[in-house]
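Me: Please take me through the structure below. I shall ask short questions and change topic as I go.

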Amino acid sequence: MSASLAILAAILLPLIGAALLSTQGDNPNKREGITILTTIATFLCVLTLLPEVLDGHRPGVELIELFPGISLAFRVEPLGMLFALIASGLWIVTSLYAIGYMRGHHEINQTRFFVCFAVAISAALAVAFSRNLLTLFAAYEVLSLSTYPLVTHHGTEAAKRAGRVYLGILMTTSILFLLLAIIWTYHLAGTLEFTPGGILAGHVSGTTVGVLLGLFVFGAGKAALMPFHRWLPAAMVAPTPVSALLHAVAVVKVGVFTVLKVVIYIFGLDLLTSTGMSIWLMYVAAFTIIAASVVAIYKDNLKARLAYSTISQLSYIVLGAALANTWGVIGGGMHIAMHAMGKITLFFCAGALIVVAHKTEVSTMQGLGRKMPWTFAAFGVGAMSIIGLPFVGGVWSKWYLALGAAEAHQIPLILVLLVSSLLSIVYLVPVVAQAFFKEAPAHGHDHPGDAHHGSDENDGENLERKHILCVLPPCITAVGCILLFFYSDALYTLLAPIAGG
Amino acid sequence: MSQLPVFQILLPLLAAPLSVILRRKTLVWQLATGVAWASLIIAWNLLQEVQANGPIAYHIGGWAPPFGIEYRIDILNAFVLLIVTGIAAVVFPYARRSVEAEIPAEKHHLFYAALLLCLTGLLGIVITGDAFNVFVFLEVASLSTYSLISLGKDKRSLTSAFQYLVMGTMGGTSILIGIGLMYAVTGSLNMEDLAIRMAAMEDKRTLLVAFTFFCVGISLKLAVFPLHQWLPNAYTYAPSTVTAFVAATFTKVSFYVLLRVIFTLFGADLAFLDLHFDKVLLVLGLLGVFTGSLVAIYQENIKRMLAYSSVAQIGYMIIGISFYSVNGLTGGIVHLFNHALMKGGLFMVMGCILLRLGSVQLSDMRGLGRRMPLTMAAFVVGGLSLIGVPLTVGFVSKWYLILAALENNLWPVALLMLVSSLLAVMYIWRVIEVAYFQKPDDDAPELREAPTSMLVTTWIMVGATVVFGVFTEQTAGVARQAAAFLLGVSP
């Protein structure tokens, strides 16, 4: 298969799959069969591109010219390659999980759910492969709109309100800031192509660089940089598979991916370091890292806690971009992978807890570890990755980010990274610790009587087995977290060219 | 010499009395639809010819200008002809079921006759190169529109038609005075000829007065803020077909006349350098955008909401002129096309809803997303286009307008236009939330989807907003040529 065909296939296959499965609403088994086949085929298409990119090629395809000199066009470079691999790879696992979750939780409108999900993945892949800012922006907006029905899935008043916050913030920031920045860039540079070394050098100077950068990073509202972060906790009303793949991986990573792409290929690292116009962004990101972690500590709802943790972790990547040096962008790029694998594990576990034990609040999960050992073990591994402990992937990206901070002579930022790790210990470790080491309350109000309590434990183990599709995926991604630790040099090899200029 | 230009007018003009004679409603509808399609084919051929060989001059009856009447077709009006006939070709097939439901059977042949006359008038305004001819056709189109609006089912359609009649007549008179003044000082009515003679005149005083009368008159017809008062009522209470057709064409044709008057007749130097008319247009355009959008947010009647949205969209086109640059004019002209598609499509959706639901009040639309899924989906797509989401036509217009604002260093204007798209998000999403998130009353009747003929044509129109949002060569590309032509620069 030629590379340009593979690019188009990767973007179109989810759409074709969506069209096919929308006709199978009455036949859930067939529908889910189509979903799984689509995910695997999409991933394989993405995978065929990897050797070419590793060889230094940048395969691409051009569709149609929208404005003079700007086309809808795709080109695969290392950062996009990495992001596409993660998004399409984790889509397979998430689809398995979604089947277990949606059926186990007796969700409504499952067909619409799977259709919108596929469209969202297609848009995320289009963002990953986009050759210029216009293509990226178009896919970015498609992603916002296609995830709206997923966020408001339950159709309740609460879902509607969350949908307003979600679309309100994402649309406002993207139209008001991002689009303005894009058109401004076009006006200044006469092009929007992602070009190694950037396109803005020589066209802007002084504070304009800082203003334009601000428009871009706040415009990419999906990066959830404070103060435009509120949509992410709001999006947690969605079914957990959505929170797991979209609001821990695809959607939020599109935001930080945009920031990285803009810094590397639009501004160029040299322009930012020579003007010093990204230093303010380092500290906005640092503030978001700390503040969101502190908020996370106080959230009892597990999904809300994870959402704030995501906000904090996303700013690591923004920080990497703001550092605007080799270590910073490689660390940021790597953290896309590390955080994706870690956080999706945590969300899978949170969803499994909802389906198996009907628990959403952290304080009600004491002693659950014995009933759901696999789930909590996976949670522990994911948590270690987020914290940044050795033998799990997350430690590497933090390491490179710290190196980047040192190179930029921003020693306080190293401190921020350390404090953030400590804070994430505070909000993640108790979840696992109290599940394993605390006794379950003598009797919950829904399980009266000691005798019943005993039999309930056995039920628990059976339950984990009964909901195997909810419990297996987090175990898979937990193994993924560990593998990422040992194979991080592969990621480094892939990403190394992006900072080469 | 090809006789195509005159057939562009003759076909609908002759079909109008013919339909009064034929009387049978199906036959009359078939005739009107056939004429609309034939007109579209003619307009398409004219555009091809203009693009290949440059402007066409057609002398009526062989009388040479400036004494005879000349039809003059260049890239700009060829494009507008195509838009008007294209809209007619989609709306006329749509009309049958909607008209059956809204107009008494004994008036059907008169309705189609008036509709054909309206088409004749609109095409005449666009095609002619004679200033007085513009006025005549403008009155043909206006008079038929007044009567079409008054046919609406709601009694208030009569008063709104009357209001429009009063305002429209004032506009028409103002234009006539402008023409009279020009004729008095130059002795000519042919636009080419007028432009040459007026440019040569030393004393510009009379011309300035004529220009002012012209602009006020056209602004009334175009519903430029604050002369838009007639529009919301007229659009709200007119029969669905009329709203869809008139909203998509009449303001566009008026916008075309404004372009002609400024750029061809009086010259941009007089308008922008002597009179600073661009500043006036910019301010009025922005005011129109914001008043229109803000008022739209508070409307309960969705047809009225869309009507106020039209006031805002006209504002965008006006802003496009005010930039006085290729990109600005491209944005204005392409928005002329794009807005015709989106507003035509959205009003067609309203016609479908009115037919089945019997109301276009927001409170009656609860749960409509499930009750009429295809119709509401069309509303969503059209609405997204109105907001200006990428890969829809709205985005194309917005891109050019904002780029032009930045080129002129008017970044606050760029920001204001972006803010106004957010207002569009608000008024569109209000409808979407009610239609998809609220449950209908328990005693709400089961609804069927709209009839196939209406649904298909509505989707053609709405689908076009996406198709032309991606394939921009035939719209933005042509608009760019037209803009360059008006400014006298190479594209």
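**Chain folds, contacts and confidence**

Me: In chain B, what percentage of contacts between residues at least 6 apart in sequence join residues at least 24 apart?
Reply: The share in chain B is 79%, where contact means that the C-beta atoms, placed from the backbone, lie within 7 Å. This is a predicted model, in which local features need pLDDT of at least 70 and side-chain atom pairs count only at pLDDT 80 or more, while totals for chains, interfaces and linings use all residues. Residues are numbered from 1 along each chain as its sequence is written, chains are lettered from A, and ligands are numbered from 1, in the order in which they are written.

Me: And what is that percentage for chain A?
Reply: In chain A, 80% of the contacts between residues at least 6 apart join residues at least 24 apart.

Me: How many helices and strands does chain B have?
Reply: Chain B has 20 helices and two strands, taken as DSSP runs numbered from the N terminus (helices H or I, at least four residues; strands E, at least two). The radius of gyration of chain B is 21 Å, close to the 23 Å from the globule rule for 491 residues, so chain B is as compact as a globular protein of that length. That radius is taken over C-alpha atoms, and the rule is 2.2 Å times the number of residues to the power 0.38.

Me: What about chain A, how many helices and strands there?
Reply: Chain A has 19 helices and two strands. With a radius of gyration of 22 Å, close to the 23 Å that the rule gives for 501 residues, chain A is as compact as a globular protein of that length.

Me: What percentage of each chain is buried?
Reply: Buried residues account for 61% of chain B and 59% of chain A. A residue is buried with 20 or more other C-beta atoms within 10 Å of its own, exposed with 12 or fewer, and partly exposed in between, C-beta atoms being placed from the backbone.

Me: How many residues does each chain give to the contact between them?
Reply: Chain A gives 19 residues and chain B gives 20. On the chain A side, β1 (60–67), α5 (133–151) and α6 (157–189) each supply at least two residues. Helix α6(A) provides the largest share, 11 residues.

Me: Now A:Ile297: which helix is it in, and is it buried or exposed?
Reply: A:Ile297 lies in helix α11 of chain A. It is partly exposed, because 15 other C-beta atoms lie within 10 Å. Beyond four places in sequence, A:Ile297 touches A:Leu423, A:Val426 and A:Tyr427. Its C-alpha atom is separated by 21 Å from that of A:Met341, 44 residues apart along the chain.

Me: Where is the confidence lowest in chain A?
Reply: Among the elements of chain A, helix α17 (residues 450–466) has the lowest mean pLDDT, 52, and helix α11 (residues 279–297) the highest, 93; pLDDT is the predictor's confidence in each residue, from 0 to 100. Over residues 444–458 of chain A, pLDDT stays under 50, and the model has eight contacts for them beyond four places in sequence. Where pLDDT is low, the predicted coordinates should not be read in detail.

Me: What are the averages for the two chains?
Reply: Chain A averages 87, with 95% of its residues scoring at least 70. Chain B averages 90, with 100% at that level. The model as a whole scores ipTM 0.89 and pTM 0.91.

Notes:
Two residues are in contact if their C-beta atoms, placed from the backbone, lie within 7 Å.
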